Amino acid sequence: MDLNSVILPPTQDEPISMASLPHHESRPSSPKTTLVIGPHATFAATVASILPDWKIERVCDNVAALAFLESRPFDLVFTSADTSGKDDVDLLRKIRLVRPHTRLIILTNERSTADVIASIRERAFSYFSEPLSWTMFAEMVRLAMEEPCWDDGIEVLSATPDWIRLAVRCDVKTADRLLQFFREIADLPDREKYDVATALREMLLNAIEHGGRFDPDQYVEVSYLRARHMVLCRVKDPGDGFSLDEIRHAAIANPPDDPIRHHHYRDELGLRPGGFGVLITRRLVDELIYGEKGNEVVLVKYLGSFEHRTT
């Protein structure tokens, strides 16, 4: 799909009422600004359709973009699909010297796992390569509009193209950002990538909710290991752990004759609707292995025709 040929329909946000703030005079605020890099006006129009109330400015290349950012700040920056991921990470490093907290979303026709890892190290907000999912792109742009604190949310602990360890803040929006980076990092066939990404999301959300209790000062450790015939993901949360035999709020504990019994326990505990994460994950990966305490889990997905053999 050509990044410069698709224009999304505009969206309209709900107006915010100021009636509950009687002690503050309501003043019109300056529109937020975004800088779109690239020679094609159609992509800038696409961004404008997602951000209808923002001021959109466009420059042709990375050199001009850096000059713009040295002169004044922008709330959000998009790179051009015509440049490589490596070039865009180089630009991001230079931007960090003058505008340390700039939110930048990389779009590129060329990528490598090393470039994606480098973008995380340099605190890119997100990363997209072709073929682009416009639904995910639009959601990530809206997330960039809303997230108040983001650039310390994902930390690279160690990384090679085949083995990556990250610390991820206990925040759902940060988890969504991580999943987009994962989609770019994972060199897998589409079916396996979908299965692993979905399973990882379920386990990560469980860790953030039950282990980290949505505390933004807490972090979950996430590892991704790509071997020749398998993918392994490990999620470790900061909580006290649990036993699968004790989690009555999860669908995995339901008896065969009462498949939704866990809803009763979730209501009693004040938990969000759900509870199917472990059940879904077990159907998407080949092995789901919990540690002794229950606060870490390993997902194993075998690839292609490889057959697991026990010795």
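**Figure 1. I164 lies in strand 7 of this predicted model.** I164 is buried, because its relative accessible area is 4%, under the 20% that sets the limit for that class. Along the sequence, I164 and Y224 are 60 residues apart, yet their C-alpha atoms are 5.2 Å apart in space. Both I164 and Y224 belong to the lining of the largest cavity, which is the subject of the next view.

**Figure 2. The largest cavity of the model has a volume of about 100 Å³.** The model has three cavities of 30 Å³ or more. Around the largest cavity stand I164, L166, L178, F181, F182, I185, L200, V222, S223, Y224 and C233. Two or more of these lining residues come from each of strand 7 (163-169), helix 6 (172-185) and strand 8 (219-226). Helix 6 gives the largest share, four residues. Sorted by class, the lining holds 10 nonpolar residues and one polar residue, and no charged ones.

**Figure 3. C170 sits in the loop between strand 7 and helix 6.** Both of the elements that flank this loop also contribute to the lining of the largest cavity. C170 has a relative accessible area of 1% and is therefore buried. In sequence C170 and Y219 are 49 residues apart, while the distance between their C-alpha atoms is 5.4 Å.

**Figure 4. Helix 7 (residues 190-211) packs with helix 9 (residues 277-284).** Two packed helices are described by the angle between their axes and by the distance between those axes. For helix 7 and helix 9 the angle is about 155 degrees and the axes are 9 Å apart. Helix 7 is therefore roughly antiparallel to helix 9, since angles over 145 degrees fall in that class. The crossing in which helix 7 passes helix 9 is left-handed.

**Figure 5. F214 follows in the loop between helix 7 and strand 8.** Most residues other than glycine have a negative phi. F214 is not a glycine, but its phi is positive, at about 55 degrees. With a relative accessibility of 40%, F214 counts as partly exposed, because that class covers values between the 20% limit for buried and the 50% limit for exposed.

**Figure 6. Helix 1 and helix 5 (residues 134-146) cross at roughly 60 degrees.** Their axes come within 10 Å. At this angle helix 1 is oblique to helix 5. Helix 1 passes helix 5 in a right-handed crossing.

**Figure 7. A48 lies in helix 1 (residues 41-50).** This is the helix that crosses helix 5 in the view before. A48 has a relative accessibility of 30% and so counts as partly exposed. T34 is 14 residues from A48 along the chain, and 9.2 Å separates the C-alpha atoms of the two.

**Figure 8. A cis peptide bond joins E130 and P131.** Most peptide bonds are trans. For the bond between E130 and P131, omega is about -5 degrees. P131 is found in the loop that runs between strand 5 (126-129) and helix 5.

**Figure 9. R123 occupies the loop between helix 4 (113-121) and strand 5.** Although R123 is not a glycine, its phi is positive, with a value of about 65 degrees. The relative accessible area of R123 is 28%, so this residue is partly exposed.

**Figure 10. Helix 3 (residues 85-98) and helix 4 cross at roughly 15 degrees.** The axes of helix 3 and helix 4 come within 9 Å. Helix 3 is therefore roughly parallel to helix 4, because angles under 35 degrees are placed in that class. The crossing of helix 3 and helix 4 is left-handed.

Conventions. Residues are numbered from 1 along each chain as its sequence is written. This is a predicted model: local features need pLDDT of at least 70, side-chain atom pairs count only at pLDDT 80 or more; totals for chains, interfaces and linings use all residues. Side-chain values use heavy atoms; hydrogens and water are left out. Buried means under 20% relative accessible area, exposed over 50%, partly exposed in between (1.4 Å probe, protein chains only). On a 1 Å grid over the protein atoms alone, a cavity is a set of points where a 1.4 Å probe fits but cannot get out, and a pocket is an open set with protein on both sides within 12 Å along at least five of seven lines; lining residues have an atom within 4 Å of a point. Grid points are joined across faces, edges and corners, and a volume is the space filled by probe spheres set on the points. Ala, Val, Leu, Ile, Met, Phe, Trp, Tyr, Cys and Pro count as nonpolar, Asp, Glu, Lys and Arg as charged, and the others, Gly among them, as polar. Axes are lines fitted to C-alpha atoms, for helices over the stretch in contact, and angles run from 0 to 180 degrees between N-to-C directions. Angles under 35 degrees count as roughly parallel, over 145 as roughly antiparallel, 65 to 115 as roughly perpendicular and the rest as oblique. A crossing is left-handed if the near helix is turned anticlockwise from the far one by less than a right angle, and right-handed if clockwise.
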